[in-house]
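Biologist: Could you walk me through this one before I go back to the bench? I'd like to start with contacts, and I'd like to know what you mean by the word.

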Amino acid sequence: IVAYGATVRLLPEVSVLMLRNRNVRNGMYEQTVMGEGANENIAILGGTWEESRHRRLGYGKSGMFDEGRSMYGVSTCMLFSNVKTLLLKDLTFRHTAGFSVQIGNARDIVIQDIVFDDCFADGIHVNGNTENIAVRNLSGHVGDDLIALNMYDWLRSSINYGPAKNVFCEDIHSAPDSKAKAMRLQPGIFRYRDGTLVDCSLENMYFHRLSGIYEYKLYFQSPPYVPGEKPEGEGAGSADNLFFEDVEIISNRERYPLDNCEETGYFGMFLMNSLIGYVSLENIRYIKPEGDSPRNFLVAIGPMSWRRMRDGANTEVFDPYISGYVDTLEMKDIFINGEHITDVDKIVKIIEFNDVNKDGFSSGKGTVNNMFLNGEKVK
């Protein structure tokens, strides 16, 4: 599809997605094989792809696979699942109520020169069983994650579960006034209905030249639940070889009012609570505004907890029972407000909970086995 100069707009009453490939395979109930019957060699070049929306409508209200919502986890403008060799280039997405693009069970993907104009959910939402993805030059306004690499995901926002390998992201810039300034990397354990467990892992990820993103979410998160009930999902998954280079990040935690809680009130711009092998942070420019909370750190390893009322119930937003670790964290050329940091205590916080919700199910802890700063091993 070559659409330079064109605007393609979804009519207001349409509740299904705008565009998808033909041979989508639903991997929610059983594992799918990448490439079995796949659609190949798809390219969309240019155009403005627009929905007639003014806000995020929610799952099951827009971006559905069909009117009957036969694929429960689809919520997007464009869906590409069970595809090989996909190119999206020079596209503008406008007013998308769900994800702008949802991808899973796919390989050999190039997404380049994409602008989000007042969109209301995730920009690029990548689900499991994917490999070889290059994303370059993304910018604009979104209502949630600019990029979400959700190999594990909630049932309502994925139809593909499994590992991801070989992801390259470069020149990713969230607009200063974007509603959300986040990127999610979410491995996790998914259980199929026959009891089969799969580690929805992340392996070989390189992120280069990023700005305007204030929160990198490298932790397992279930949907909000009432303490005492079993959360959705089976727990943290694995990740390895994650590289972040040339990143500007501003201290920000407006979404989580945790300052008044002595035990849970710590936050990391890189918040890690998965089973992670190697992470490298190089040339990270951390900006802490005047009056910023001393509980904000560049890196936090361990669980989070935030209780709030939701639908009349006192729910837990995060998963304080989850323990995570980083085997090796290597940091080089870390700056806070222009100061070259040589003291690791200024930038790293290890979090440990002791039954923080008083439910016998909220005692997660973080661990780092090996930590290096500017080539020197530190504690």
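Modeller: Contact here means heavy atoms within 4.5 Å. Please keep in mind throughout that this is a predicted model.

Biologist: Fine. Which residues is Thr-130 in contact with, leaving aside its neighbours within four places in sequence?

Modeller: With those neighbours set aside, Thr-130 is in contact with Met-34, Gly-104, Asn-105, Ala-106, Met-151, Pro-163, Ala-164 and Lys-165. Thr-130 itself belongs to strand 8, which covers residues 130-140.

Biologist: And is Thr-130 buried or exposed?

Modeller: Thr-130 counts as buried, because its relative accessibility is 2% and buried means under 20%.

Biologist: Let's move to strand 9. How many of its residues are buried?

Modeller: In strand 9, residues 145-150, 6 of the 6 residues are buried, so the strand is largely enclosed by the rest of the structure.

Biologist: Which strands does it pair with, then?

Modeller: Strand 7, residues 124-126, runs parallel to strand 9 and is joined to it by 3 bridges, with Val-126 standing opposite Leu-149 of strand 9. Strand 9 also pairs with strand 11, residues 182-186, in the parallel sense over 5 bridges, and there Asp-145 stands opposite Ala-182 of strand 11.

Biologist: What about strand 20 and strand 21, how do they run?

Modeller: Strand 20 (residues 307-310) and strand 21 (residues 313-316) run antiparallel and are joined by 4 bridges, and Arg-308 stands opposite Thr-315 in strand 21. The two strands form a hairpin with 2 residues between them, and Asp-311 in that turn has a positive phi of about 55°.

Biologist: Where else is there a positive phi in a residue other than glycine?

Modeller: Thr-85 has a phi near 65°, and Thr-85 sits in strand 5, residues 76-94. Asn-374 has a phi near 55°, and its place is in the loop between strand 25 (366-373) and strand 26 (376-378).

Biologist: How accessible are Thr-85 and Asn-374?

Modeller: Thr-85 is partly exposed, with a relative accessible area of 34%, and Asn-374 also counts as partly exposed, at 27% relative accessibility.

Biologist: Changing topic, how many cavities of 30 Å³ or more turn up in the whole structure?

Modeller: A search of the whole structure finds 2 cavities of 30 Å³ or more, and the largest cavity has a volume of about 50 Å³.

Biologist: Which residues line the largest cavity?

Modeller: Its lining is made up of Tyr-219, Phe-220, Leu-271, Asn-273, Gly-302, Pro-303, Met-304, Phe-318 and Asp-319, and by class the lining of the largest cavity divides into 6 nonpolar, 2 polar and 1 charged.

Biologist: I have Ser-274 marked in my notes as well. Where does it lie, and what does it touch?

Modeller: Ser-274 lies in the loop between strand 17 (267-273) and strand 18 (275-287). Not counting residues up to four places away in sequence, Ser-274 touches Pro-187, Leu-218, Tyr-219, Phe-220, Ala-236, Gly-237, Gly-324 and Tyr-325.

Biologist: What does the side chain of Ser-274 reach at 3.2 Å?

Modeller: At that distance the Ser-274 side chain reaches the backbone oxygen of Leu-218. Ser-274 also counts as buried, because its relative accessibility is 1%.

Biologist: And Glu-282, which strand is that in?

Modeller: Glu-282 lies in strand 18 and is partly exposed, with a relative accessible area of 27%. Not counting residues up to four places away in sequence, Glu-282 touches Phe-244, Glu-245, Asp-246, Lys-332 and Asp-333.

Biologist: How far apart are the C-alpha atoms of Glu-282 and Asp-246?

Modeller: Those C-alpha atoms are separated by 6.5 Å, although Glu-282 and Asp-246 are 36 residues apart along the chain.

Biologist: Last topic, the pockets. How much space lies in the second largest pocket?

Modeller: The second largest pocket holds about 200 Å³ of space. It is lined by 13 residues, of which Leu-155, Phe-190, Arg-191, Tyr-192 and Glu-232 are the closest to its centre.

Biologist: What is the lining of the second largest pocket like by class?

Modeller: The lining of the second largest pocket has 7 nonpolar, 1 polar and 5 charged residues, and Arg-191 and Glu-232 are among the residues closest to its centre.

Notes: Residues are numbered from 1 along each chain as its sequence is written. This is a predicted model: local features need pLDDT of at least 70, side-chain atom pairs count only at pLDDT 80 or more; totals for chains, interfaces and linings use all residues. Side-chain values use heavy atoms; hydrogens and water are left out. Buried means under 20% relative accessible area, exposed over 50%, partly exposed in between (1.4 Å probe, protein chains only). Two strands pair if DSSP finds at least two bridges between them. On a 1 Å grid over the protein atoms alone, a cavity is a set of points where a 1.4 Å probe fits but cannot get out, and a pocket is an open set with protein on both sides within 12 Å along at least five of seven lines; lining residues have an atom within 4 Å of a point. Grid points are joined across faces, edges and corners, and a volume is the space filled by probe spheres set on the points. Ala, Val, Leu, Ile, Met, Phe, Trp, Tyr, Cys and Pro count as nonpolar, Asp, Glu, Lys and Arg as charged, and the others, Gly among them, as polar. A polar contact is a pair of N or O atoms within 3.5 Å; within protein, one must be able to donate a hydrogen and the other to accept it, and residues adjacent in sequence count only if both atoms are side-chain atoms.
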